[in-house]
Amino acid sequence: MKKLINKPENALDEMLEGMTKAYPTYLRRLDQTDVLVRQDLSADKVGVVSGGGSGHEPAHCGYIGKGMLDAAVAGAIFTSPTPDQIYEAIKAVDRGKGVLLVIKNYSGDVMNFDMAKEMAEMEGIQVASVVVNDDVAVENSTFTAGRRGIAGTVLVHKIAGAAAERGWDLDKVKETAEKVIANERSMGMALSPCTVPAAGKPNFSLAEDEIEIGIGIHGEPGTHREKLVSADAITQELFDRILADYPLKSGDEVAVMVNGLASTPLMELYIINKKVHELLEGLGVTVHQTFVGEYMTALEMAGMSITILKLDSDLKMLLDDTADTPALKVIGTK
Amino acid sequence: MAELNQIIGALRLMAETIEKNKEHLTELDGAIGDGDHGINMSRGFAFVKETLDKGGFQNAGDLFKKCGMALVAHVGGASGPLYGTAFLRAAMVLKDREDVHAADYVQILKDAAEGIKMRGKSDRGEKTMLDALIPAYEAAADAVQQGKSAQEILNAAKVAAAEGAVGTEKLVAQKGRASYLGERSIGHQDPGAASAALVLAAVADYFAAEK
Ligand SMILES: Nc1ncnc2c1ncn2[C@@H]1O[C@H](COP(=O)(O)OP(=O)(O)OP(=O)(O)O)[C@@H](O)[C@H]1O
Ligand SMILES: [Mg+2]
């Protein structure tokens, strides 16, 4: 596998340095950590912190800025960050109004964030957390670790971040984040795998004409493999799976995210988006806002995911609020 | 009875054993997880070794606390908080203690398993490290009941953990990344159970070699 890196063990550190140098007005690195924090931490708001393994850029550090995250913690590639680092992030952004942790539902992330939360609470910091589990490919039963958190996490950052920016209190910001989680669903697919630099070889293999449906953002297995078919047919398949889990009816309003996993050209993502819109129109569902691009990637994997979030008036308002971050910009009135 | 320098020796052997089995653990995780368990464990235990090299431990409890913090801060993944919790539980058992007895070892296994259950919201039979650790505790407790020697107690835990780890092959994973595979996880050994068995084997082997 060809990669533009120096040494696998330095990739995380060098990436964080590069990000810091790219966006000095937005973020800075906390000394001796893999934590990036927002430059203008305004005094009077709830802090919003997220993070996870690296390899999903621009997630999560790219969402630091007004109306989204106050800090993001970067773990080793595809590995949860550790509690000490998360704790540093919490301490750095707490302004006495408490801190919300946005966690993706992976055993490692949940446990490391939980430990950090306990550490911060022992220091008297108020901490709340939400766990994002938008991926309908995984059965949400008591016999699994539950659904995974994928691209829908970015919409949680957006909306919880806007709620915090409006000065809402910790309980209300948490409730709002939970509302997003309850009303969004995603599903992805892959055309080709990715390689973790330290592992040196791809984490699965697909034949030239084969795709994997329901893949996770670390190359975890999906629901099944099938022959490559048209973009419309694949979109239909993912759409049907999402709607089977979260039915929509005529008159509903939604936000749509078509997320590229890294090696899929925007052209293809737009083709998918066209079909998603047609399918929603066919149901009488209105699309309030659309995001097409690379929001939550999986190293150099090719493929994409579709996320649909059903909106109410509060969520619409928060989604339309200003977000000014390196990786996501929305120009709003607030 | 074991003294502080012997416990340090056992922990060193533990770190070496993990390093030696790094590839093996990563391969096991590659089959049903994300192929990083060996990488995570070797990174964490390298810091345990560094902690041991630094020294300056007040007592056995302090030793386990410092090693536990090294694991929490450097393993990452799911196994970091779990192994970290296990070591911190051991630190509580050994609080202010200069030496360690066989009965303490049993208590450590018990409390470590309880800590992991709590942190991981998991239990026996779900194809995790608990399927090595809980049988090890039971075997060690049995051996104490039967009035066995300290070495026999350590060996009993080692054997039971190894059997438990192999036994995970026939289980369906219900926790961690492997649970996404459901039935397809059958036939593969759980990497966390394998590493737990290695850790307990290192303890028994260290003291056996001392004799
Ligand atoms: N809830 C749990 N309870 C007990 N053990 C668990 C639990 N979840 C995972 N494990 C153990 O952890 C092992 C996997 O550890 P590993 O170091 O590979 O972390 P990981 O799951 O890949 O984490 P990450 O997703 O952050 O990379 C499993 O083999 C299992 O024994
Ligand atoms: Mg793993």
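## The second largest cavity

Let's start with the lining of the second largest cavity in this predicted model. Sorted by class, that lining comes out as 3 nonpolar, 2 polar and 3 charged residues. Which residues are they? The names to look for are Leu41(A), Ser42(A), Lys45(A), Val46(A), Gly47(A), Asp70(A), Val93(A) and Arg95(A). If you're sorting them yourself, remember that Gly goes with the polar group.

As for the space inside, the second largest cavity has a volume of about 40 Å³.

## The largest cavity

How many cavities of 30 Å³ or more does the structure hold? There are 2. The largest cavity has a volume of about 60 Å³, and 13 residues line it. Try finding Glu57(A), Ala59(A), His60(A), Cys61(A) and Ala74(A), since these are the lining residues that lie nearest its centre.

The class count for this lining is 8 nonpolar, 4 polar and 1 charged residues. To see where parts of the wall come from, trace chain A: helix H1 (11–22), strand S3 (47–54) and strand S4 (71–77) each supply at least two residues of the lining.

## Who surrounds ligand 1?

Now on to the ligand. Does ligand 1 sit in a site that belongs to a single chain or one that is shared? The site is shared between chains, because the residues that surround ligand 1 come from chains A and B. There are 26 residues around the ligand, and those that come nearest are Asp34(B), Ser79(B), Ser122(B), Arg177(B) and Asp190(B).

By class, the shell around ligand 1 has 7 nonpolar, 13 polar and 6 charged residues.

## Contacts and cover

Ser122(B) is worth a second look: besides being among the residues that come nearest, it has an N or O atom in its side chain that is 2.7 Å from a nitrogen atom of ligand 1. The side chain of Asp29(B) also has an N or O atom to check, this one 3.1 Å from an oxygen atom of the ligand. With Gly192(B), look at the backbone instead, where an N or O atom lies 2.9 Å from an oxygen atom of ligand 1.

How much of the ligand's accessible area does the protein cover? On its own, ligand 1 has 640 Å² of accessible area, and the protein covers 97% of that. Several helices give two or more residues to the shell: helix H3 (107–122) of chain A, plus helix H3 (37–54), helix H5 (79–93), helix H6 (102–120) and helix H9 (191–210) of chain B. Which one gives the most? That's H9(B), with 3 residues.

Note on methods
Residues are numbered from 1 along each chain as its sequence is written. Chains are lettered from A and ligands numbered from 1 in the order in which they are written. This is a predicted model: local features need pLDDT of at least 70, side-chain atom pairs count only at pLDDT 80 or more; totals for chains, interfaces and linings use all residues. Side-chain values use heavy atoms; hydrogens and water are left out. On a 1 Å grid over the protein atoms alone, a cavity is a set of points where a 1.4 Å probe fits but cannot get out, and a pocket is an open set with protein on both sides within 12 Å along at least five of seven lines; lining residues have an atom within 4 Å of a point. Grid points are joined across faces, edges and corners, and a volume is the space filled by probe spheres set on the points. Helices (H or I, at least four residues) and strands (E, at least two) are DSSP runs, numbered from the N terminus. A residue is near a molecule or strand if one of its heavy atoms lies within 4 Å of it. A polar contact is a pair of N or O atoms within 3.5 Å; within protein, one must be able to donate a hydrogen and the other to accept it, and residues adjacent in sequence count only if both atoms are side-chain atoms. Accessible areas come from the Shrake-Rupley method with a 1.4 Å probe; for residues, only the protein chains shown count as cover.
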